[in-house]
Each structure stands twice: as structure tokens, then as C-alpha cells.
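This briefing goes with the structure shown below. It is meant to be read beside the sequence and the 3D view.

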Amino acid sequence: MPASQDRVDVPLPAILQGGYHHPLLRSLQAERHLTKDMLMYPIFITDEPDAVVEIKSLPGQKRWGINKLRDFLAPLVAKGLRSVILFGVPLHMQKDGRGSPADDPNTPVILATQLIRREFPHVVVACDVCLCEYTDHGHCGELCPLEQLTPAEQAAEAKVIDNARSVRRMQEVALAYARAGAQIVAPSDMMDGRIGAIKQVLIDEGFGNRCAVMSYSAKFASNMYGPFREAAGSVPNFGDRKCYQFPPNARGLARRAIMRDVREGADFIMVKPAMPYLDIMSEARALAPDLPLACYQVSGEYSMIHAGANAGVYDLKAMAIESIEGFLRAGCTLILTYFTPDLLDWLDEAK
Ligand SMILES: NCc1[nH]cc(CCC(=O)O)c1CC(=O)O
Ligand SMILES: [Zn+2]
Ligand SMILES: [Zn+2]
């Protein structure tokens, strides 16, 4: 018997390359592979019924009018699209302080939810729940009425988010989307206490067993939301979102938010943006191992990958897939990405 087999202190030959010299052996290194059902496609629906409008900063993505949606989605569904997340872009509806167009019976998201449920019964519809696309001030929640501010705040014309009022509003909006047929509501407003409140109202109104709550649990105040805000017309007209989205350095806040949302009954948790926050994803995986974990590869990430490819830095497909493999490695089970239509094709191509 060779000596190496009965001696534990002999170092093994440190040769790894023999293990991945063939494409199949490389593929077998993955613990998990991307499948089509892990992809959720973000779609912008506008209140111009016949619109098909390119979004300049999001290459290949468009704002869709309700009348164009069926023909746009049909080929994607045929390729295996399983879920979408809808964002409303009201260009003509009257915006106000409470974001009234968010749950107007004719708001684009409600019409689109009804249409997709009717035309594509195998597609899961998630609706983003937030007010920023619908308020005249462009913030994600309602503001405190002036008389509730301190004299100093009044003098400074301070704008303060009214958390409690905003949470009640998110309940109304989420319920309206559930009534329209959404199987998932996804609050991205970041008000405190919204997950428990929305979960409760869904239960009270009979949707407890047919509408999931996907929380944007760890949503960071990122520089990469620009193209989305252009697409959705949701740039705040004063200030920024730093009082309700996390500072990029805030690992502890993210951990507390994830644990809080689990306690409040979230069915899915999400990390957003994705690529710079892989550590937060694996923290989320460890903190909430029993919940599906989503990540949102946001508009700026998508645009950045396109810009790099256009500058000749890398191949678009290879880079997009590398980014997704990172999310899988970090433990994500659902990926919100504008690359979804491309990935449906790429997954069908021979490797
Ligand atoms: N509640 C707003 C919202 N919902 C989804 C996104 C970002 C999505 C993206 O950039 O692709 C944002 C941006 C923001 O907070 O301003
Ligand atoms: Zn918002
Ligand atoms: Zn949102």
C-alpha cells in the first residue's frame, strides 16, 4: 500500500485543473443552476393605451400601453416567462399628495393585472406597491401635514414623511392590486411596519391564502435607480430617499430589516440592488433560510452592463450571465431582471 494512504499528514497533490477541463465538468461545479421559473420580468405600463415608447437609458426596454401588452407578452410566455412585476407610469392621471392614481380602478397596473391574469393564466403577476410614481411630490410615502410639524420645521418648510399615514395608504393600494388579481404584492416604499399591516389587511379581506407579500426588505439608497426613475417618472421633486432607503454601508440595518420583515410575515424577502450587495444576499440567506430570497438587478446595473458591452469591455451575454451566477451563488431563488427576455433565449441556446 502506498505510504500516502495510511498517513494523514501527507499533502494531497494540489491539482484542481483536472476537475474542470471540460464544459460539462465546469457546469457541474455549480450548486444551483438558473431556470426560467427563477426569473421575474419588470414591466412599465403607461396610461397611454397604444404607447410603445423606448426608454433611452434602459436599452431595449419600453413603456407599454395596455392595448400593446398582450402581443408583447405572448412570445415571451411561449418561451417560458413565468412571472412579471408591474410598475405604473401615469402620464395623464392627476397626481396628488396621497398618490390617488395608484389604486384608481383604471390605473395602468390594475388594468394590466386583469389583462395578464385573463390572457396568460400561467403567469404570476406581482405588483410593486409604492406611491412615488403617483404622488405630485414624487416621494414614496405621504408627507406630514404642515400643522403636525414643529414651529422650526414649519419655518424651514421641512418635508417629513408621515409613516403611519403612508402605511395605511400602502394597505389600500396593496388590497386594490390583490382584488385585481395580483398573486404577489411587493411594497418598495420602505415605510416601517408596512409588511405586517399589508399582510393583516390581506387576511382580513379574504386574500390571505392567495396573495403573497414580497418585501423589498433590504433596499439601499442607490445611485443605480436613475434609468428606472426616468422610465417611471418618479424622480422626487425635492430632497432624496435617504430617510427611508438604507445607506450603502449599512449591513446591520439590512440585517435588522430582514429579521423584522420575517417576523411581520413576509412571504419573500428581497435585496436591492443586486451586484454590489452580494454579501447582504448571503446574510439574508443565513438569517432567513426558510424563505425564498429575491434580488433586484436594478435599472442602473442593466444599463451599466450594456454600456460596458458597447464600449467593448466584455461580451453582453457572458457578462449578464456572470452577474446572475453571482446571485445564485449568494443564495437567491428569484431574480428580478430586465435581462429576462434575453435570458429566456440564452437558456435555450446550446451551451
Ligand atoms: N419605489 C420606487 C422604486 N421601485 C423600484 C425601483 C428601482 C428599480 C430599478 O432601478 O430598476 C424604485 C426606485 C427608487 O427607489 O427610486
Ligand atoms: Zn417609491
Ligand atoms: Zn417601487
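The points below cover the ligand surroundings, the annotated residues, a pair of helices and one further residue.

The model is predicted, and every value here is computed from it. Around ligand 1 lies a set of residues that includes C130, C132, C140, R229 and R241. UniProt, in an unreviewed entry, gives the feature "binding site" at C130, C132 and C140, and the annotation "binding site" (unreviewed entry) also covers R229 and R241.

**Surroundings of ligand 1**

- The residues around ligand 1 are D128, C130, C132, C140, S188, Y225, F228, R229, S234, R241, V298 and S299.
- By class, this shell divides into six nonpolar, three polar and three charged residues.
- The cysteines count as nonpolar in this division because Cys is placed in that class by definition.

**Annotated cysteines**

- The "binding site" feature at C130, C132 and C140 comes from an unreviewed UniProt entry, and such annotations may be inferred rather than shown by experiment.
- C130 is in the loop between strand 5 (124-129) and helix 4 (151-155).
- C130 counts as buried because 27 other C-beta atoms lie within 10 Å, and the cut-off for buried is 20 or more.
- Leaving out residues up to four places away in sequence, C130 touches C140, P187, S188 and D189.
- C140 is also placed in the loop between strand 5 and helix 4.
- C140 has 26 other C-beta atoms within 10 Å and is therefore buried.
- With residues up to four places away in sequence not counted, the contacts of C140 are C130, L131, C132, D189, M190, R241 and Y244.

**Annotated arginines**

- R229 and R241 carry the "binding site" annotation from UniProt, again in an unreviewed entry.
- R229 belongs to helix 7 (residues 226-232).
- R229 counts as partly exposed because it has 18 C-beta neighbours inside 10 Å.
- Apart from its neighbours within four places in sequence, R229 is in contact with S234 and V235.
- R241 sits in the loop between helix 7 and helix 8.
- R241 has 21 C-beta neighbours inside 10 Å, so R241 counts as buried.
- R241 touches C140, A221 and P236, residues up to four places away in sequence not being counted.

**Helix 8 and helix 9**

- Helix 8 spans residues 251-263 and helix 9 spans residues 278-287; their axes come within 10 Å and cross at roughly 35°.
- The crossing of helix 8 with helix 9 is right-handed.
- On the helix 8 side the contact involves R251, A254, R255, I258 and M259, which meet I280, E283, A284 and L287 in helix 9.
- This contact has six nonpolar, no polar and three charged residues.

**V77**

- V77 is in helix 2 (residues 69-78).
- V77 is partly exposed because 17 other C-beta atoms lie within 10 Å, while 20 or more would be needed for buried.
- Setting aside neighbours within four places in sequence, V77 is in contact with F120 and V123.
- From V77 to D96 the separation is 19 residues in sequence and 36 Å in space, C-alpha to C-alpha.

Notes. Residues are numbered from 1 along each chain as its sequence is written. Chains are lettered from A and ligands numbered from 1 in the order in which they are written. This is a predicted model: local features need pLDDT of at least 70, side-chain atom pairs count only at pLDDT 80 or more; totals for chains, interfaces and linings use all residues. A residue is near a molecule or strand if its C-beta atom, placed from the backbone, lies within 6 Å of it. Helices (H or I, at least four residues) and strands (E, at least two) are DSSP runs, numbered from the N terminus. A residue is buried if 20 or more other C-beta atoms lie within 10 Å of its own, exposed if 12 or fewer, and partly exposed in between; C-beta atoms are placed from the backbone. Two residues are in contact if their C-beta atoms, placed from the backbone, lie within 7 Å. Axes are lines fitted to C-alpha atoms, for helices over the stretch in contact, and angles run from 0 to 180 degrees between N-to-C directions. A crossing is left-handed if the near helix is turned anticlockwise from the far one by less than a right angle, and right-handed if clockwise.
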